Amino acid sequence: MGAATDHRKQQEEITMKVPLAVLADSANVSQEGKLNIMGIFTQINAQSLPLRYPHMTLVFTLEAQVPEGGRQHQAVINCMDEDGGKLFEANATIDVEIKDPGKPATINQIINFQLMEFRREGDYSFNILVNNELKRSVILTVKLVG
């Protein structure tokens, strides 16, 4: 391998990661910086459809490497049904600050959803994209049990 190939491989490895992503009843970050997540779930049992779910929280952690610090990154969160229909999309700009030189930065994200509507049963994918690259998906199954 030449030096150019080694450099390209190293650049490919330097990419923001999402080591944690879950749906939960609620979440917060303590004063000490601890991420608290309550009531993680992957399925909703509906008595009837459509279902307007009262409250859920998407919680995820971004891990940025040192070369990604000091600049902005574009994030997109969307929710898709099994057929590729989009329920919503949200865009954000994330500023990465490396506080401890030589160590990756951890950025906790908590997104609350109120009265989200699910029209049919099946799997729904909450997708997390950073700089137009899919980093993680969280699958939620809505099941009719009535």
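How many residues lie between β5 and β6 in the hairpin that they form, and which residue in the turn has a positive phi? In this predicted model, five residues separate the two strands of the hairpin, and the residue in question is glycine 84, whose phi is about 90°. The strands on either side of the turn pair in the antiparallel sense, and nine bridges join β5 to β6. Within the hairpin, alanine 75 has alanine 92 of β6 standing opposite.

Both strands of this hairpin also take part in the largest nonpolar core, since β5 (72-80) and β6 (86-95) are among the strands that each supply at least two of its residues. The core has 32 residues, and the members that touch the most others are Met56, Phe118 and Phe126. Besides the two hairpin strands, β1 (17-29), β3 (43-46), β4 (51-64), β7 (105-118), β8 (122-130) and β9 (133-144) each supply at least two residues, while the greatest contribution, seven residues, comes from β4.

The surroundings of phenylalanine 118 give a more local view of this packing. When its neighbours within four places in sequence are left aside, phenylalanine 118 is in contact with Ile44, Leu49, Pro50, Leu51, Tyr53, Met56, Leu87, Tyr124, Leu140 and Val142. Met56, one of these partners, is itself among the three residues that touch the most other members of the core.

Tyr53, another of the contacts of phenylalanine 118, leads on to the aromatic pairs, of which a search of the whole structure finds five. In one of them, the ring centres of phenylalanine 41 and tyrosine 53 are 6.0 Å apart and the ring planes meet at 45°, so the pair is classed as tilted. This pair links distant parts of the chain, because phenylalanine 41 belongs to strand β2 (residues 35-41) and tyrosine 53 to strand β4, twelve residues apart. Buried means under 20% relative accessible area, so phenylalanine 41, at 13%, counts as buried, and tyrosine 53, with 19%, is buried as well.

A second tilted pair brings the account back to β6: the rings of phenylalanine 88 and phenylalanine 126 have centres 6.1 Å apart and planes at 55°. Here too distant parts of the chain are linked, with phenylalanine 88 in strand β6 and phenylalanine 126 in strand β8, 38 residues apart. Phenylalanine 88 and phenylalanine 126 are both buried, and together with Phe113 they form one aromatic cluster. Phe126 thus appears in this cluster and also among the core residues that touch the most other members.

Terms used:
Residues numbered from 1 in each chain as written. Predicted model: local features only at pLDDT ≥ 70, side-chain atom pairs only at ≥ 80, totals over all residues. Heavy atoms only, no water. Core = buried A, V, L, I, M, F, W, Y, C linked by side-chain atoms within 4.5 Å. Buried < 20%, exposed > 50% of the residue type's maximum accessible area, 1.4 Å probe, protein only. Helix = DSSP H or I, 4+ residues; strand = E, 2+ residues; numbered from the N terminus. Contact = heavy atoms within 4.5 Å. Phe/Tyr/Trp six-rings, centres within 6.5 Å; stacked < 30°, edge-to-face > 60°. Pairing = 2+ DSSP bridges.
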